[in-house]
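User: Hi! Could you walk me through this model, one question at a time?

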Number of protein chains: 2
Amino acid sequence: MKNIISNINKAFDHRVRLGIMSVLMVNEYADFTSLKELLGVTDGNIASHIKALEKVGYVKVEKSFIDRKPNTRYSATKSGRNDFQKHIAAIENLLNQTQSKQ
Amino acid sequence: MKNIISNINKAFDHRVRLGIMSVLMVNEYADFTSLKELLGVTDGNIASHIKALEKVGYVKVEKSFIDRKPNTRYSATKSGRNDFQKHIAAIENLLNQTQSKQ
DNA sequence: TATTTTACTTTGTATCTCAAAGTACTTTAA
DNA sequence: TTAAAGTACTTTGAGATACAAAGTAAAATA
């Protein structure tokens with residue numbers, strides 16, 4: 001390991017994206033509005049964070065119609081789940097190091 | 001609590017600043033070069049992150065001369081330590097929620 | 001005395017974040 | 001049946017942030 005933060009994943013390095021992933025680890029699927037409300041951010045804001053996670057292949061978007069109404073649901077991909085676990089471990093390492101030496 | 005990420009502190013919401021604080025929790029003091037090397041970032045980059053933490057009162061800068069050479073050392077303030085602990089707790093809450101429900 | 005190194009600071013661009021406005025419907029009300 | 005309001009996003013653009021390169025000044029080294 002080059003340095004103490006090298007295992008921290010840039011893609012998850014924002015509280016909104018951390019929140020999105022946390023929700024998608026717990027729930028198989030989540031829709032736009034649920035994510036927005038759970039995290040307390042605006043439409044445009046959550047959309048851009050979802051898009052960022054989609055771009056790196058961590059979140060999958062499925063669009064369909066329910067009762068002729070458009071429905072979009074989001075889920076975490078396999079690699080999203082994997083890399084998020086690693087990210088958590090990296091943060092915990094960093095913090096454990098911190099706390100144990102106090 | 002309004003939403004699941006409301007206790008996550010924006011000031012610490014970047015891996016470099018997370019790293020700086022972790023180092024300063026463990027070590028009473030750290031100098032510019034140590035921080036830079038531990039975190040593997042460029043001069044300008046670490047300088048701006050330190051400045052951001054200084055601006056919100058979480059990091060204190062002390063400049064002095066040792067053997068007529070300028071020496072700058074950084075330390076975490078009381079509120080920096082306090083708020084960092086809270087931030088850690090907030091992240092852990094978010095992640096525990098995640099992990100326990102899987 | 002010249003050159004290199006150390007320890008930062010300044011600067012400018014590139015990237016990111018965010019909310020407001022826009023779009024494309026569906027639902028409700030008149 | 002047409003207008004107004006609501007829902008579920010997407011687009012846009014400005015402001016904030018991150019970053020590396022270049023700059024500076026003093027000290028060490030040759």
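**How the copies are arranged**

Analyst: Happy to! This is a predicted model, and in it a rotation of 180 degrees with 0.0 Å of shift along its axis brings chain A onto chain B at an RMSD of 0.0 Å. The two copies are thus related as by a two-fold rotation axis.

User: What share of the interface residues of chain A are also interface residues in chain B?

Analyst: The copies meet through the same surface. That follows because the share of interface residues of chain A that are also interface residues in chain B is 100%.

User: In what order do the elements of chain A run from the N terminus on?

Analyst: Chain A has 4 helices and 3 strands to place. Starting at the N terminus, their order is α-β-α-α-β-β-α.

**The core and two buried residues**

User: Which residues touch the most other members of the largest nonpolar core?

Analyst: Chain A has 102 residues, and 43% of them count as buried. The largest nonpolar core holds 58 residues. On the chain A side, Ile20(A) is in contact with Leu35(A), Leu39(A), Ile46(A), His49(A), Ile50(A) and Leu53(A), leaving aside neighbours within four places in sequence. The members touching the most others are Ile20(A) and Ile20(B).

User: Is Asn3(A) buried or exposed?

Analyst: Asn3(A) sits in the segment before α1 of chain A, and it touches Glu37(B), Leu38(B), Leu39(B) and Gly40(B), not counting residues up to four places away in sequence. Its relative accessibility is 12%, and the cut-off is under 20%, so Asn3(A) counts as buried.

User: Which backbone atoms does the side chain of Asn3(A) reach?

Analyst: One lies in chain A: the backbone nitrogen of Ser6(A), at 2.9 Å. The other belongs to chain B, where the side chain of Asn3(A) reaches, at 3.5 Å, the backbone oxygen of Leu39(B).

User: Which residues does Ile91(A) touch, not counting residues up to four places away in sequence?

Analyst: Ile91(A) is part of helix α4 (residues 78–100) of chain A. With a relative accessibility of 5%, Ile91(A) counts as buried. C-alpha to C-alpha, Ile91(A) is 8.2 Å from Asn7(A), although 84 residues separate them in sequence. The residues touched by Ile91(A) are Ile8(A) and Ile91(B).

**The surface near DNA strand C**

User: Which element gives the largest share of the surface near DNA strand C?

Analyst: Elements supplying at least two residues each are α1 (15–26) and α3 (43–55) of chain A, together with α2 (32–39) and α3 (43–55) of chain B. The largest share is 4 residues, and the element that provides it is α3(A).

User: How many residues of the surface near DNA strand C are charged?

Analyst: In total, 18 residues surround DNA strand C, and the closest are Thr42(A), Phe32(B), Asp43(B), Lys63(B) and Thr72(B). By class, this surface has 2 nonpolar and 9 polar residues, and the number of charged ones is 7.

User: How far is the side chain of Thr72(B) from a phosphate oxygen of DNA strand C?

Analyst: Of the DNA strand C atoms within 4 Å of the protein, 65% belong to sugar or phosphate and the rest to bases. Two other threonines have side-chain N or O atoms by a phosphate oxygen: Thr42(A) at 3.0 Å and Thr33(B) at 3.4 Å. For an N or O atom in the side chain of Thr72(B), the distance is 2.5 Å.

Methods:
Residues numbered from 1 in each chain as written. Chains lettered and ligands numbered in written order. Predicted model: local features only at pLDDT ≥ 70, side-chain atom pairs only at ≥ 80, totals over all residues. Heavy atoms only, no water. Core = buried A, V, L, I, M, F, W, Y, C linked by side-chain atoms within 4.5 Å. Buried < 20%, exposed > 50% of the residue type's maximum accessible area, 1.4 Å probe, protein only. Contact = heavy atoms within 4.5 Å. Near = heavy atom within 4 Å. Polar contact = N/O pair within 3.5 Å; in protein donor to acceptor, adjacent residues only side chain to side chain. Nonpolar A, V, L, I, M, F, W, Y, C, P; charged D, E, K, R; others polar. Least-squares fit on C-alpha atoms with pLDDT ≥ 70 in both.
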